[in-house]
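Here is a short briefing to read with the sequence and the structure side by side. Take the topics one at a time and find each residue as it comes up.

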Amino acid sequence: MAKKPAAPSISIGISDKDRAAIAAGLSKLLAETYTLYLTTHNFHWNVTGPMFNSLHAMFMAQYTELWNAVDPIAERIRSLGHPAPGSYAQFTKLSGLPDAPSEPPKALKMVELLMQGHEAVARTARSIFPLVDKAGDEPTADLLTQRLTVHEQTAWMLRSLLAE
């Protein structure tokens, strides 16, 4: 059987070590983004109560945004020369977020859990910046900035619903 030729080496101006470390950070971000997507979609399906219409629509907008975010994160990992995680087992291992509760919580508890999730994903995205800056990885910095903007704004909007 003929041996398959090796893939060409990657020469984009970021060391192998830095690319691996950035890809690991992005893998955690991907896992948490997907976990938050799944929880948000779950809450969209299961929300009840007097705020049903507004929360149902808001959760749909949020899970759609999260769904659209996973592909660019995974493709950036691939651009850095590493495989993107894509199984529930990998996401569970990589993510620091809890899974959605097995029993749907009350509407405002859903809002609180999603707020906490967005804050956690923002912290993960922010934690990758020092390495990205050191490596001069502007495309990843741009991606992280976009994600931070979304997660911080969404957390603020959810937090506002919890104010007395």
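Which side chain meets that of glutamate 119 in a salt bridge? The partner is arginine 159, at 2.7 Å from N to O. Glutamate 119 lies in helix 4 and arginine 159 in helix 5, so this pair ties together parts that are 40 residues apart in sequence. Keep in mind that the model is predicted.

**The chain as a whole**

- The chain has five helices and zero strands.
- Read from the N terminus, the order of elements is α-α-α-α-α.
- The C-alpha trace spans about 65 × 40 × 20 Å along its principal axes.
- The chain has 164 residues, and 42% of them are buried.
- Take the contacts with a separation of 6 or more: 81% of them join residues 24 or more positions apart.
- The accessible surface is about 9,400 Å², and carbon and sulfur atoms account for 59% of that area.
- The chain carries 15 positive and 16 negative charges, and the mean positions of the two sets are 7 Å apart.

**Salt bridges**

- The structure holds eight salt bridges. Three of them are described in this briefing, including the pair above.
- Both residues of that pair are partly exposed: glutamate 119 has a relative accessible area of 26%, and arginine 159 has 38%.
- Arginine 126 forms a salt bridge with glutamate 152, and their closest N and O atoms are 2.5 Å apart. This pair also runs from helix 4, home of arginine 126, to helix 5, home of glutamate 152, so it ties together parts that are 26 residues apart in sequence.
- Arginine 126 is partly exposed at 43% relative accessible area. Glutamate 152 is partly exposed too, at 36%.
- Lysine 109 and glutamate 112 meet through their side chains in a salt bridge of 3.5 Å, N to O. Here both residues sit in helix 4, and because they are three residues apart, about one helical turn separates them.
- Lysine 109 counts as partly exposed, with 37% relative accessibility. Glutamate 112 is partly exposed as well, with 27%.

**Helix 2 and isoleucine 77**

- Helix 2 has 28 residues. From first C-alpha to last, helix 2 reaches 41 Å, close to the 40 Å expected at 1.5 Å a residue.
- Among the buried residues of helix 2 are Leu55, Phe59, Tyr63, Leu66, Val70 and Ile73. Gln62 and Arg76 are also on the buried list.
- Which helices do the buried residues of helix 2 pack against? They pack against helix 1, helix 4 and helix 5.
- Isoleucine 77 belongs to helix 2. Is isoleucine 77 buried or exposed? Its relative accessible area is 0%, so isoleucine 77 is buried.
- Beyond its neighbours within four places in sequence, isoleucine 77 is in contact with Ala23, Leu26, Ser27, Leu30, His82, Pro83, Ala84 and Pro85.
- Isoleucine 77 and alanine 20 are 57 residues apart in sequence, yet their C-alpha atoms are 9.0 Å apart in space.
- Just after helix 2 comes glycine 81, with a positive phi of about 90°.

**Helix 4 and threonine 124**

- Threonine 124 is in helix 4. With a relative accessible area of 7%, threonine 124 is buried.
- Which residues does threonine 124 touch, not counting those up to four places away in sequence? They are Lys28, Leu29 and Glu32.

**Helix 5**

- Helix 5 covers residues 138-162, a run of 25 residues. Helix 5 reaches 36 Å from its first C-alpha to its last, close to the 36 Å expected at 1.5 Å a residue.
- The buried residues of helix 5 include four leucines: Leu143, Leu144, Leu148 and Leu158. Thr140, Ala141, Arg147, His151, Thr154 and Ala155 are buried in helix 5 as well.
- What covers the buried residues of helix 5? The cover includes helix 1 (16-46), helix 2 (52-79) and helix 4 (107-135).

Key
Residues numbered from 1 in each chain as written. Predicted model: local features only at pLDDT ≥ 70, side-chain atom pairs only at ≥ 80, totals over all residues. Heavy atoms only, no water. Helix = DSSP H or I, 4+ residues; strand = E, 2+ residues; numbered from the N terminus. Buried < 20%, exposed > 50% of the residue type's maximum accessible area, 1.4 Å probe, protein only. Contact = heavy atoms within 4.5 Å. Areas by Shrake-Rupley, 256 points an atom, 1.4 Å probe, with all protein chains shown as cover. Lys, Arg positive; Asp, Glu negative; His and termini not counted. Charge placed at Lys NZ, Arg CZ, Asp CG, Glu CD. Expected span 1.5 Å × (residues − 1). Salt bridge = Lys/Arg side-chain N within 4 Å of Asp/Glu carboxyl O.
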